[in-house]
Every structure is written in C-alpha cells, then in structure tokens.
Amino acid sequence: MMNDKRLHEVLIRPHVSEKTAMSAELQGRHAFRVAKNATKIEVRQAVQKLFDVDVKSVQIVNVRGKTKRFGQVEGKRSDWRKAIVRLAEGQDLDFMGIEG
C-alpha cells in the first residue's frame with residue numbers, strides 16, 4: 001500500500017469532456033489526469049481509497065500536447081497522462097464528497 005502523500009499526487013483531477021461524460025454514464029468509465037509516473041496499480045489504489053469504490057480495470061494513455069499558433073509564434077501544449085478507470089457494476093463516483 002502506498003502512503004497518503006503519494007495517493008494525492010497520483011490523481012491530479014478528473015478529466016471532464018463530452019466523451020468522458022457519456023462513457024461514465026453509459027459504461028461506468030471515469031477519466032482522470034494522473035501523474036506522468038503513475039502506474040495502473042497506484043491509480044487503482046488511489047481511486048479505491050479516495051472514493052471508496054471497487055475498480056474493475058485501469059487503462060492508461062499518454063496524451064501528446066497539441067501544437068498551437070499564437071500569431072507568428074508556434075507553441076506546444078504540455079504532454080499529459082490520462083487514466084480511464086472502470087468501476088464494478090452499480091458503483092459511481094461522488095466528486096462532491098471529497099475535499100481537495
């Protein structure tokens with residue numbers, strides 16, 4: 001088991017978009033931005049401890065930052081890591097119940 005400090009470092013914030021909202025509602029999959037060095041096991045433990053739910057599976061995706069232009073200057077958004085967490089049947093996450 002990992003310590004509480006690492007637990008709060010692993011999950012950065014929920015990743016909310018139209019796609020993740022539909023996925024959460026229909027399939028029980030929730031997306032989080034996670035630390036770049038987070039492992040599937042750490043993400044599973046963090047979600048189970050913080051939200052008191054059973055995690056069925058965890059998938060991790062490295063998301064590349066987009067290249068954007070600001071006038072003549074070309075910039076790049078940061079790369080980040082996303083975890084898709086699938087919960088056991090009949091369970092849901094309560095984001096209002098935790099303190100940040």
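Select L7 to begin: this residue is found in helix α1. The model on the screen is a predicted one. L7 has a relative accessible area of 4%, and therefore counts as buried, the cut-off being under 20%. Now add A35 to the selection. The two residues are 28 residues apart in sequence, and their C-alpha atoms lie 11 Å apart in space.

**The whole chain**

Clear the selection and show the chain as a cartoon. Three helices and six strands make up its secondary structure. Followed along the sequence, these elements give the pattern α-β-α-β-α-β-β-β-β. Along the principal axes, the C-alpha atoms fill a box of roughly 50 × 35 × 25 Å. Of the 100 residues in the chain, 33% are buried.

**The largest nonpolar core**

Next, display the side chains of L11, F32, V43, V47 and V85. These are the residues with the most contacts inside the largest nonpolar core, which has 18 residues. Which elements give two or more residues to this core? They are α1 (4-10), β2, α3, β3 (55-63) and β6. The most is given by α3, with four residues. As general background, nonpolar side chains in soluble globular proteins tend to be buried together.

Keep L11 selected. Its place is in strand β1, which covers residues 11-14. Is L11 buried or exposed? L11 is buried, since its relative accessible area is 11% and the cut-off for burial is under 20%. Add M22, and draw a line between the two C-alpha atoms. L11 and M22 are 11 residues apart in sequence, yet 21 Å apart in space.

Move to A46, which lies in helix α3. A46 has 0% relative accessibility and so counts as buried. Select E9 as well: the C-alpha atoms of A46 and E9 are separated by 9.3 Å, although their positions lie 37 residues apart along the chain.

**An aromatic pair**

Now show the rings of F32 and F51. The count of aromatic pairs comes to one. The ring centres of F32 and F51 are 6.0 Å apart and the planes stand at 40°, so the pair is tilted. The angle falls between the limits for the other two classes, under 30 degrees for stacked and over 60 for edge-to-face. What does the pair link? It links distant parts of the chain, with F32 in strand β2 (residues 29-34) and F51 in helix α3 (residues 40-51), 19 residues apart.

Check the accessibility of each partner in turn. F32, at 2% relative accessibility, counts as buried. F51 is also assigned to the buried class, at 13% relative accessibility.

**A charge over a ring**

Select R33 and W80 together. The charged end of R33 sits over the ring of W80, at 3.9 Å from the ring centre.

**The second largest pocket**

Switch to a surface view and select H15, S17, K19, T20, S23, R29, H30, A31, K82 and I84. These residues line the second largest pocket. How much space lies in this pocket? The space comes to about 170 Å³. Colour the cartoon by element to see where the lining comes from: α2 (18-27), β2 and β6 each supply at least two of its residues. Colouring the lining by class shows two nonpolar, five polar and three charged residues.

**A loop residue and its partner**

The last stop is D52, whose place is in the loop between α3 and β3. Its relative accessibility is 68%, so D52 counts as exposed, the cut-off being over 50%. Inspect the backbone here. The phi of D52 is near 55°, a positive value in a residue other than glycine. For comparison, most residues other than glycine have a negative phi.

Finally, add D94, which is placed in the segment after β6 (80-87). Its relative accessibility of 47% lies between the two cut-offs, 20% and 50%, and D94 therefore counts as partly exposed. Draw one more line between C-alpha atoms. D94 and D52 are 42 residues apart in sequence and 9.5 Å apart in space.

Technical notes:
Residues are numbered from 1 along each chain as its sequence is written. This is a predicted model: local features need pLDDT of at least 70, side-chain atom pairs count only at pLDDT 80 or more; totals for chains, interfaces and linings use all residues. Side-chain values use heavy atoms; hydrogens and water are left out. Rings of Phe, Tyr and Trp (its six-membered ring) pair if their centres lie within 6.5 Å; planes under 30 degrees apart count as stacked, over 60 as edge-to-face and the rest as tilted. Buried means under 20% relative accessible area, exposed over 50%, partly exposed in between (1.4 Å probe, protein chains only). A charge sits over a ring if NZ of Lys or CZ of Arg is within 6 Å of the ring centre and within 35 degrees of the ring normal. On a 1 Å grid over the protein atoms alone, a cavity is a set of points where a 1.4 Å probe fits but cannot get out, and a pocket is an open set with protein on both sides within 12 Å along at least five of seven lines; lining residues have an atom within 4 Å of a point. Grid points are joined across faces, edges and corners, and a volume is the space filled by probe spheres set on the points. Ala, Val, Leu, Ile, Met, Phe, Trp, Tyr, Cys and Pro count as nonpolar, Asp, Glu, Lys and Arg as charged, and the others, Gly among them, as polar. A nonpolar core is a set of buried Ala, Val, Leu, Ile, Met, Phe, Trp, Tyr and Cys residues joined through side-chain atoms within 4.5 Å.
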